[in-house]
Structure formats: structure tokens, C-alpha cells
Amino acid sequence: MYTVNNEAVAGRIESYCRTWRMWLECTNGIDPIIMGDEIMSATGSVSSTSLSDDIELGAVCAQSWNMTIYGENEFLGKEYELYFYLVDFEKYTTYADLEQYTYSELEKMTLEQIEYLGEILSGEKIPLGKFTCVKSKKNGGSVEVTMADKLYFSDRIYKPQISLPAWSREVEDDICAQLGLVNGNDYTSSAKLRVKTNIRLYDKNHLRLKTANFDFKITSIPENTTMRQMLSYIASAQGEFGFVDRYGRYVRKWYGRPEKILDNNTIDLPTLSERQNVITGISCKVSDSLTLKLGNSTGRMLEFENPYMTVSLLNSLWYRIKGFSWYTTELYHRLGDHSLEVGEVVTYVNDNGNSYDIPITNISFTYDGGLAADISAAGLSVEEQIDTGA
């Protein structure tokens, strides 16, 4: 979850009255900044941790924005940094306001754009990510564009530019480099283990237990494997999914502790599954002749494919995700909060005080001066999983 640095901005985000604007800055350092009312409307297409109706392990999903922009600028093929900022219409531009921006930002602005600086609440821009314009068409006095992150291009066949065999981290680095992404995954540090109730775990020698980094050797690449599929294999072996974060880095994660509480003051009544889904078993298809399984296969299974999976990797993976529980959910967040990201967990508290942990597997935003969000947690029940033959 994005941490807002300024107290005024943080307070406004939590309030029931707020006005957003978007800021679009081309990374070539030449094109003018697009901001304020120039961006007429925008829709963030579903940013996801799952490619299906079920929760998934190893999914690698791109995100994109569809925008309508006033004017006739050329966008196609260019890369942009996208931001949201809160505005305060009662504030006037001062030299102190201007000092909050770098000279490189200011020299690209028009006089009309500089006037908007007085409206930016405390000067803080919330980053949304780096996107490339993949579609553009002019319509009267405006341009309709689609901006997508670099994973949009990951369905090409993977052709290693490193020597094999190689460690999985080297393959991940190679794919990121080919896509023009920074690999934001840290293979050097290990996480300290806790149980779900946040109690620390120790071994018999009273030493704090930590995760391993689960790096493994890749000796060959299956024929016609795409870059997205290879990233998926590496992510699932780590017990995670992959996406591009708001700073333009490729990262992996799994659902953690709740980040935010949602209540009926800011959302419409959600649709919730009747009972929790609880992962009781895990199944990995390694090849047509080999499937590895752990746990109780008569309950809610988490199923995926990975040609590099071993018994040892699957055992370590199972201990990290077994017992994971959640409610399948669909909700409309009337006062959308773009500090939330896919892969985070929010808690919904109803009027009776009952709470429900909801992993964000899908989130899409609608912007028109205000901001709203559709949030969902994918997941099939045991009965649905059996019925679909999953």
C-alpha cells in the first residue's frame, strides 16, 4: 500500500470530499506535461493477480489505462509516468509551491499549467506507474489513448540472452531486461516467519525462523514458452504472483496482513461468499505424466502448472500458503483510494461489527474528477471447483 507522505493529503484521502486530477509526464523529457482538466476522463482496466475466476498462484498480469485527453498531442509508442494529485481550489500559487518541483518539471510546463500548481494539495503526487501508449486515435478535439505497462509485451516467445543452465533469478533478470523493466525482487534478504496470528516462529534451538530464497536452476526452456509463462513459473515456485508496481518495477508478492478497513460509509454493500474459502491442499502439474500434491485433496485445492517444480520446492511452498482463507467478494468503492494495490488485503466491517478479510485480486478505477473503484476477490468454492473440473 502506498504511504502518503503529507498529513493534509492523507487526511483528505480519508475524508468524504475530495477532488482528484491526473498528471501525465513523458519520460523522454521533451513532450509537455499533461495535467489538470486536459485529462478529461480515464478508466484503469482491471489490474489483477488472477487470469481466471479463481485465485491463482504464479499469475503475471499487466495493467492499463484508457484515457480521453484534450488536444491533439502525439502519444503512440511513448512512455509516460502517471500520477494522481489532490487539488485545493482555495489555494493560490506561491513561490513556495513552485519550489516543490524540480527545474526539469517546471521548464516543460506552459504558463497555464503553472497556474494549476496552486491547486495541488501540499505538492504531493501519488505515482500510479509507468505506461507505454499502445493505442491512440483522435476524435474531434481530443485523443483517446490506451496506456499499458511493460508486461503488455510479455507474450512474445522467450529467447534467453544468457547462457543456460542459469539460476531462476538470472532468467528473471534477463526477461525484465528484454522488456525494459527493473527487477524489483530481492533475492538477498529473507523474511522472518510468523503464523497468521502474527506470533513469531522459532526452531528447537530458539533461533528465529526465516524463509529461504527458493532460487533454483533452469537448465532448459520448454518450446514456445513466452516471457510471461517463464515469469509465471518463477513466481509460482516462490509462492507468489507477479505484476509491475507503481514505480515501474517488476515485483512478486503473496497476500499479507490487512492494510485498510472499509465500511458502508465509503462502499456499496458488497457481495460476499456464504462461507470462507480455505486452502486445504496444493497440486502442481509438472508434466503430462507427473503431478505433485500435498494436503487434503478433498477440500479447496490450489492448482497450477510448473515444469520446474520439485518435491522440495513444493513442500516449502505448501508451508507458506496452507490454510490461507478469504471471502469471494465484489464491491464498489464509491470513494476510490489509489493508494490501494492488487495483492493487498482489506477488511470489510459491516454495520453489525462483523469483519471479512478480502484479498484484492482485481481492481479497476474510474476517474472523472472524482475517483471510484471496483474491487473483487476471485475464488471458487469447493463445490464450484469440483463442478468445473478444476
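## Exercises on a predicted model

By relative accessibility, Asn224 is exposed, at 55%. The model is predicted.

**Exercise 1.** Determine where Asn224 lies and what sign its phi has.

*Solution.* Start with position: Asn224 sits in the loop that runs between strand 10 (217–218) and helix 6 (227–237). Next, take the backbone: phi of Asn224 is positive, about 65°, although the residue is not a glycine. Most residues other than glycine have a negative phi. Last, accessibility: exposed means over 50%, so Asn224, at 55%, counts as exposed.

**Exercise 2.** Decide how far helix 6 is enclosed, and identify what covers its buried residues.

*Solution.* Buried means under 20% relative accessible area. Ten of the eleven residues of helix 6 are buried, so the helix is largely enclosed by the rest of the structure. Among these buried residues are Met227, Arg228, Tyr233 and Ala237. The cover includes helix 5 (168–179) and helix 7 (311–321), together with strands 10, 11 (241–244), 12 (249–253) and 17 (300–305). After helix 6 comes Gly239, with a positive phi near 75°.

**Exercise 3.** Describe the burial of strand 4 and its pairing with strand 7.

*Solution.* Strand 4 covers residues 64–70, and five of its seven residues are buried. Strand 4 pairs with strand 7 in the antiparallel sense, over seven bridges. Within this pairing, Thr68 has Glu144 of strand 7 as its bridge partner.

**Exercise 4.** Locate the cis peptide bond that involves Pro165.

*Solution.* The bond joins Leu164 to Pro165, with omega about 5°. Pro165 belongs to the loop between strand 7 (142–148) and strand 8 (166–167). Most peptide bonds are trans.

Methods. Residues are numbered from 1 along each chain as its sequence is written. This is a predicted model: local features need pLDDT of at least 70, side-chain atom pairs count only at pLDDT 80 or more; totals for chains, interfaces and linings use all residues. Side-chain values use heavy atoms; hydrogens and water are left out. Helices (H or I, at least four residues) and strands (E, at least two) are DSSP runs, numbered from the N terminus. Buried means under 20% relative accessible area, exposed over 50%, partly exposed in between (1.4 Å probe, protein chains only). Contact means heavy atoms within 4.5 Å. Two strands pair if DSSP finds at least two bridges between them.
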